[in-house]
Amino acid sequence: MTDLQNMKFQVPITLVSQAASPLLAGNTCQNAVSQIIYEIETNGTFGIQKVSVSFGQTNLTVEPGASLQQQFIIRFRAFQSTATSPPGPRSGNPGYVVGKTLLALTGDISHSVTLLQSQGDGTCSVRRHKVQFGVNAMSGCKLRLKNVDCSHLQQEMYQTLHGRPRPEHVAIFGNADPAQKSEWTRILIRNCSVSATHCTSCCVVPVSLQTQVLWAYIGLQSNPQAHVSGARFLYQCQSIKDSQVTEVSLTTTVTFVDITQKPEPPRGQPRTNWKLPFDFFFPFKVAFSKGADSQKGSVSPVLILCLLLLGVLLT
């Protein structure tokens, strides 16, 4: 610690048992401290929450050569609080693991995103399939319609498609805390358009729900973590007549789209940067510059220079 005046980062030490004052009775020293026990309670990344200390005492006979061995004990344990709720299910820590449950949040209740499940006769079951992260899936069943008005029928079919309770948010990481709203992303929902039909005696009801999940790997390439970037519900609808249809086929699908932005691959080894002395081409520059300045000039200096270089190479 550097800021010793900030009480926000300080935890008081509480006494579990008060040590009695030492007392000398004859040749016996009573209440000599023989043991000190510190108990430190920690709460993950929130740090130390509580520190308590207790003492052990004994009587010591005062005589030549007498000694006392003292013990200092420190114990660490997890912080227990009645205010905190029990930990919920995890699908990774922190990133999602492929095949684990896709976590959803409704209000303060954490649950799973689910798909339809059919019974033996093909009708919709109360039980549902849990959506597994990274696994595309499709399921369907037949819903037997009840003789109710259009609004109640629409509500029943919406609830059958998305399940109860209706997911409102999706966990960004597999260890999202329901109490931390920033760790969840809202599901974008597009319901049916009632104005698409011109039939006065028809009821526009949802018959299909497509769940699209955008996800990506982030973090180090050596240890990438999968996280959800966004999700949405897309409903497909059809119009039915109230008295002519007794059952409707429902379908639910889930699609995971990887939007990871991968870095550019390496483009080979870097080229060697050759550096030559600034006057390396000096004789050539002088010779060619003379030839360029005067078209009437002789090329004999160039020929002489070439012959000299040829002679050097041959020797």
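These legends describe several close-up views of one predicted protein model.

Residues are numbered from 1 along each chain as its sequence is written, and side-chain values use heavy atoms, leaving out hydrogens and water. Because the model is predicted, local features need pLDDT of at least 70 and side-chain atom pairs count only at pLDDT 80 or more, while totals for chains, interfaces and linings use all residues.

**View 1. The whole protein has 3 helices and 15 strands.** Helices (H or I, at least four residues) and strands (E, at least two) are DSSP runs, numbered from the N terminus. The protein has 315 residues, and 27% of them are buried. Buried means under 20% relative accessible area, exposed means over 50%, and partly exposed lies in between (1.4 Å probe, protein chains only). About 22,400 Å² is exposed, with carbon and sulfur atoms supplying 55% of it. Accessible areas come from the Shrake-Rupley method with a 1.4 Å probe; for residues, only the protein chains shown count as cover. Take the contacts between residues at least 6 apart in sequence: 67% of them join residues at least 24 apart. Contact means heavy atoms within 4.5 Å.

**View 2. Strand S3 pairs with S2, S4 and S5.** Two strands pair if DSSP finds at least two bridges between them. S2 (residues 23-25) and S3 (residues 28-42) run antiparallel and are joined by 3 bridges. Here Leu-24 stands opposite Cys-29. The hairpin of S2 and S3 has 2 residues between its strands, and Gly-26 takes a positive phi near 70°. S3 and S4 are also antiparallel, with 12 bridges. S3 and S5 (residues 71-78) are parallel, with 8 bridges. In that pairing, Gln-35 stands opposite Gln-71.

**View 3. Ser-52 sits in strand S4.** This strand covers residues 48-61. Ser-52 is buried, with a relative accessible area of 9%. Which residues does Ser-52 contact, leaving aside its neighbours within four places in sequence? They are Thr-14, Val-16, Ile-37, Tyr-38 and Glu-39. Tyr-38 also has a bridge partner in S4, namely Val-53.

**View 4. Asn-31 has a positive phi although it is not a glycine.** Its phi is about 60°. Asn-31 lies in strand S3. At 25% relative accessibility, Asn-31 counts as partly exposed.

**View 5. Helix H1 has buried residues that pack against five strands: S8, S10, S13, S14 and S15.** H1 (residues 150-162) has 13 residues. From first C-alpha to last, H1 reaches 19 Å, close to the 18 Å expected at 1.5 Å a residue. The expected span is 1.5 Å times one less than the number of residues. The buried residues of H1 include Leu-153, Met-157, Tyr-158 and Leu-161. Gly-163 follows H1 and has a positive phi, near 85°.

**View 6. Phe-133 and Trp-215 form an edge-to-face pair.** A search of the whole structure finds 5 aromatic pairs. In this one, the ring centres are 5.5 Å apart and the planes are at 70°, so the pair is edge-to-face. Rings of Phe, Tyr and Trp (its six-membered ring) pair if their centres lie within 6.5 Å; planes under 30 degrees apart count as stacked, over 60 as edge-to-face and the rest as tilted. Phe-133 lies in the loop between S9 and S10 and Trp-215 in S13, so the pair ties together parts 82 residues apart in sequence. Phe-133 is buried, at 1% relative accessible area. Trp-215 counts as buried too, at 10%. Both belong to one aromatic cluster with Tyr-96, Tyr-217 and Phe-256.

**View 7. Tyr-158 and Tyr-235 form an edge-to-face pair.** The rings are 4.9 Å centre to centre, with 80° between the planes. Tyr-158 lies in H1 and Tyr-235 in S14, so the pair ties together parts 77 residues apart in sequence. Are these two residues buried or exposed? Both are buried.

**View 8. Gln-212 in strand S13 makes a polar contact with Arg-232.** The two side chains come to 2.6 Å. A polar contact is a pair of N or O atoms within 3.5 Å; within protein, one must be able to donate a hydrogen and the other to accept it, and residues adjacent in sequence count only if both atoms are side-chain atoms. Beyond four places in sequence, Gln-212 is in contact with residues including Gly-230, Leu-234 and Thr-255.

**View 9. A cis peptide bond joins Asn-93 and Pro-94.** Omega is about -5°. Pro-94 lies in the loop between S5 and S6.
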